Amino acid sequence: MIKNLYFLAILPSKEIGAEINAFKEEVKERFFSSHAMRSPSHITILPPFWLEPEKIPGLQTELESGIQSLFPIWIKLNNIGKFEPNVLFVQVEENDKLLNCHLTCKRIVENNLSSKMSMNHPFHPHMTIAFKDLDPQLLTKAYDYFQNKNYRAEFKSLRISILQYENGRWNIKN
């Protein structure tokens, strides 16, 4: 049985997506980290999970009906944060609707998986601009550089997107 790798995310408006992508480009040029460019700018609602491709339409229907009442969700971005040893991100302000969205999506996906999802970290919504290939010794330097930009933005999210890993990149499926 073939399974593909998916994750659930909220995608920003085109304008904010372009701003985040510009940060990713700066990280690539200044700090030699390009791994974050393998996916569109996003807020991860559920981390990657394996699922049979034929189950995706049903999952999408369940998600749409199960979380419909939570939308729209206003997302506020507020400056830059970091996770040791090598993650740099745009911070998302705490939001009860976003947390409820995460918990509801987790329940729905687990029903389709017939098992519990393994969560390595607590839910901490953010928009990654560097990770994996960012040299840990450059994290503080990159963090200081982006802190000076004092980035703030907000957008209204109307839905959850399903992304699939294909050919070394994450692609939007819906």
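**Exercise 1.** In this predicted model, decide whether Glu-52 is buried or exposed.

*Solution.*
- Step 1: Find the residue. Glu-52 sits in the loop between strand 2 (43-51) and helix 2.
- Step 2: Take its relative accessibility, which is 7%.
- Step 3: Compare that with the cut-off: buried means under 20% relative accessible area. Glu-52 therefore counts as buried, at 7%.
- Step 4: Look at the surroundings. Not counting residues up to four places away in sequence, Glu-52 touches Met-1, Ile-2 and Lys-3.

**Exercise 2.** Work out which strands stand at the edges of the open sheet, and what that leaves them without.

*Solution.*
- Step 1: Write down the order. The open sheet has four strands in the order 5-4-3-6, and the pairing is antiparallel.
- Step 2: Read off the ends. Strand 5 (126-130) and strand 6 (152-157) are at the edges, each with a single partner strand, so one side of each has no neighbour in the sheet.
- Step 3: Add the twist, which averages 35 degrees from one strand to the next.
- Step 4: Zoom in on one pair. Strand 3 (residues 73-83) and strand 6 are joined in the antiparallel sense over six bridges. Leu-77 has Ala-153, in strand 6, as its bridge partner.

**Exercise 3.** Find which strands helix 1 lies across and which strands helix 4 touches.

*Solution.*
- Step 1: Start with helix 1 (residues 14-31). This helix lies across strand 3, strand 4 (87-92), strand 5 and strand 6, and runs at about 30 degrees to strand 5.
- Step 2: Move on to helix 4 (residues 139-147). Helix 4 packs on the sheet and touches strand 3, strand 4 and strand 5. Its direction makes about 135 degrees with that of strand 3.

**Exercise 4.** Describe how helix 2 and helix 3 pack.

*Solution.*
- Step 1: Give the geometry. Helix 2 (residues 56-67) and helix 3 (residues 96-113) pack at about 145 degrees, with their axes 10 Å apart. Their crossing is right-handed.
- Step 2: Name some contact residues. Helix 2 contributes Leu-59 and Leu-63, among others, while helix 3 contributes residues including Cys-105 and Val-109.
- Step 3: Sort them by class. The contact has seven nonpolar, three polar and one charged residues.

**Exercise 5.** Which residues have the most contacts inside the largest nonpolar core?

*Solution.*
- Step 1: This core has 45 residues, and Leu-8 and Leu-77 have the most contacts inside it.
- Step 2: Follow Leu-8. Leaving aside neighbours within four places in sequence, its contacts include Phe-49, Leu-63, Cys-105 and Val-109.
- Step 3: Check for another core. A second, separate core of five residues includes Leu-5, Phe-7, Ala-9 and Leu-163.

Methods: Residues numbered from 1 in each chain as written. Predicted model: local features only at pLDDT ≥ 70, side-chain atom pairs only at ≥ 80, totals over all residues. Heavy atoms only, no water. Axes fitted to C-alpha atoms, helices over the stretch in contact; angles between N-to-C directions. Helix = DSSP H or I, 4+ residues; strand = E, 2+ residues; numbered from the N terminus. Left-handed = near helix turned anticlockwise from the far one by under 90°. Contact = heavy atoms within 4.5 Å. Nonpolar A, V, L, I, M, F, W, Y, C, P; charged D, E, K, R; others polar. Pairing = 2+ DSSP bridges. Core = buried A, V, L, I, M, F, W, Y, C linked by side-chain atoms within 4.5 Å. Buried < 20%, exposed > 50% of the residue type's maximum accessible area, 1.4 Å probe, protein only.
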